[in-house]
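User: I'd like to talk through this structure with you and hear the reasoning behind each label. Could you take me through it step by step?

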Amino acid sequence: METTGPSRRDRTAVSLLFSVDDTGRTFDIRSPQTTTPGPIRVIIPTDIASQQEQAALAAWRFEGPRRDCILTIRYAFQPLVEATTSDLLRYFAVTRTRGPIRDAVAARLAGPNANCGGERRGGRAPRVVSYPDYKIGQRPPPGGQSWTVVRWDVEADGRAVDVETLGSAGDTAFDAETRRAVSETVVESGGPLKGCVFNFYRNGENLPAPVMRQISDDPLQNCPPEVGARFQARAASETYPQAFRDRGIEGWARVRFDLTSWGEVGNVTLIDAQPAAAFGDGGVRLVRTGRADSGFDAGIRCVAPIRYVLSQSPGS
């Protein structure tokens, strides 16, 4: 399983619980839980999985329905100088933020005698920019990603030469389209540049959230519609799990809370979240920071459904 993002050297493995529906889609993605001993029992997650790991599993497909599955991801660390070209490409291909590790990987991919600095245009302003047509080639499945890494040199007049594909997810048409875009891009003139590298990536269509499940009647609930209507949460986009946004995966959370007559929110708990726990984390934060107008009555065990929806499939 491929994941990206920060990892600590002492984090050698992480586990994820999940189920599979009739279509082969994963849901109920969450970390295992344990119960603390003692008179007050507290359930806490163990081996907490990152958003990237949850989002990667949310894009997987299996055959047939399955329940209560467990996936263990094991990490092995090695010096960067010992990493294979394949490993370097997979890391560089989907990394979106700059940093010392990405810069070091770019330097390895750039090759000997490179002087482009691991940057897309060697730090020079563009004179002509050509972008790939992301409709060319085979689009990834919903929630999936494809990528290609390109390397090239720049002549003194700013034109790209010796454009080559270092590696890709296998879409040869998209590979050719990215080489065309790089070849037609012209930067400011200056000394020749060698070993410029860049990653192009694209997502499939947005993956809609699973159907929001019905919940049973709560005999302890006392939250008339007029009371619940006083509650106002911020836009769900403010707590959208970024790794799921990057992949175009939608989700939802259902959160329970109490509401005082003067508008204070308390006792916030998660009822359910799909397709992964990350949406529940965002939903709880959203409700905790919500506000409500004052009124005559309080609300007990009110429920806020929160939907995370993307207006369009994210670009590359």
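Analyst: Happy to! Gln-145 is a good place to begin: it is found in strand 7. Please keep in mind that this is a predicted model.

User: Why is Gln-145 called partly exposed?

Analyst: Its relative accessible area is 29%. Buried means under 20% and exposed means over 50%, so Gln-145, at 29%, counts as partly exposed. The C-alpha atoms of Gln-145 and Asn-203 are separated by 4.5 Å, with their positions 58 residues apart along the chain.

User: What makes up the protein chain as a whole, in helices and strands?

Analyst: The chain has 7 helices and 15 strands. Of its 316 residues, buried ones make up 42%. Among contacts between residues at least 6 apart in sequence, 77% join residues at least 24 apart.

User: Which elements supply the lining of the largest cavity?

Analyst: Strand 7, helix 4 (172-184) and strand 10 (193-203) each supply at least two residues of that lining. There are 14 lining residues, and Arg-120, Arg-121, Trp-152, Val-182 and Thr-185 lie nearest the centre of the cavity.

User: What makes this space a cavity, and how much space lies in it?

Analyst: A 1.4 Å probe fits in a cavity but cannot get out. With a cut-off of 30 Å³ or more, the count comes to 1 cavity, and about 130 Å³ of space lies in the largest cavity. Its lining divides into 8 nonpolar, 3 polar and 3 charged residues.

User: How do you know that helix 1 is largely enclosed?

Analyst: 6 of its 8 residues are buried, so helix 1 is largely enclosed by the rest of the structure. The buried ones are Glu-53, Gln-54, Ala-55, Ala-56, Leu-57 and Ala-58. They pack against strand 1, strand 2 (26-30), strand 5, helix 6 and helix 7.

User: Which residues touch the most other members of the largest nonpolar core?

Analyst: Phe-244, Phe-257 and Val-287 do, in a core of 41 residues. Elements that each supply at least two residues of this core include helix 1 (51-58), strand 5 (66-74), strand 12 (251-259) and strand 15 (299-308). Helix 7 gives the most to this core, with 5 residues. Apart from it lies another core, of 13 residues, among them Leu-89, Ala-106, Ala-110 and Trp-147.

User: What does Phe-257 touch, leaving out residues up to four places away in sequence?

Analyst: Its contacts include Phe-231, Val-265, Val-268, Val-287, Ile-300 and Val-303.

User: Is Ile-300, then, buried, partly exposed or exposed?

Analyst: Ile-300 has a relative accessible area of 36%. That value is neither under 20% nor over 50%, so Ile-300 is partly exposed. Ile-300 is found in strand 15, and beyond its neighbours within four places in sequence, Ile-300 is in contact with Leu-220, Gln-221, Asn-222, Cys-223, Phe-257 and Asp-258. The C-alpha atoms of Ile-300 and Asn-267 are separated by 9.3 Å.

User: What makes strand 12 and strand 13 a pair?

Analyst: Two strands pair if there are at least two bridges between them. Here 7 bridges join strand 12 to strand 13, and the two run antiparallel, so they count as paired. Asp-258 stands opposite Gly-266 in strand 13. Their hairpin has 5 residues between the strands, and Gly-263 takes a positive phi near 100° there.

User: Which residues have a positive phi although they are not glycine?

Analyst: Two examples are Asp-162, with a phi of about 50°, and Arg-301, with a phi of about 55°. Most residues other than glycine have a negative phi. Asp-162 is found in strand 8, while Arg-301 is found in strand 15.

User: Why is Asp-162 called exposed?

Analyst: Asp-162 has 59% relative accessibility, and exposed means over 50%, so Asp-162 counts as exposed. Arg-301, at 25%, is not under 20% and not over 50%, so Arg-301 counts as partly exposed.

User: What makes the peptide bond from Gln-274 to Pro-275 cis?

Analyst: Its omega is near 5°, and the bond is cis. Most peptide bonds are trans. Pro-275 is found in the loop between strand 13 and helix 7.

Methods:
Residues are numbered from 1 along each chain as its sequence is written. This is a predicted model: local features need pLDDT of at least 70, side-chain atom pairs count only at pLDDT 80 or more; totals for chains, interfaces and linings use all residues. Side-chain values use heavy atoms; hydrogens and water are left out. On a 1 Å grid over the protein atoms alone, a cavity is a set of points where a 1.4 Å probe fits but cannot get out, and a pocket is an open set with protein on both sides within 12 Å along at least five of seven lines; lining residues have an atom within 4 Å of a point. Grid points are joined across faces, edges and corners, and a volume is the space filled by probe spheres set on the points. Helices (H or I, at least four residues) and strands (E, at least two) are DSSP runs, numbered from the N terminus. Ala, Val, Leu, Ile, Met, Phe, Trp, Tyr, Cys and Pro count as nonpolar, Asp, Glu, Lys and Arg as charged, and the others, Gly among them, as polar. A nonpolar core is a set of buried Ala, Val, Leu, Ile, Met, Phe, Trp, Tyr and Cys residues joined through side-chain atoms within 4.5 Å. Buried means under 20% relative accessible area, exposed over 50%, partly exposed in between (1.4 Å probe, protein chains only). Contact means heavy atoms within 4.5 Å.
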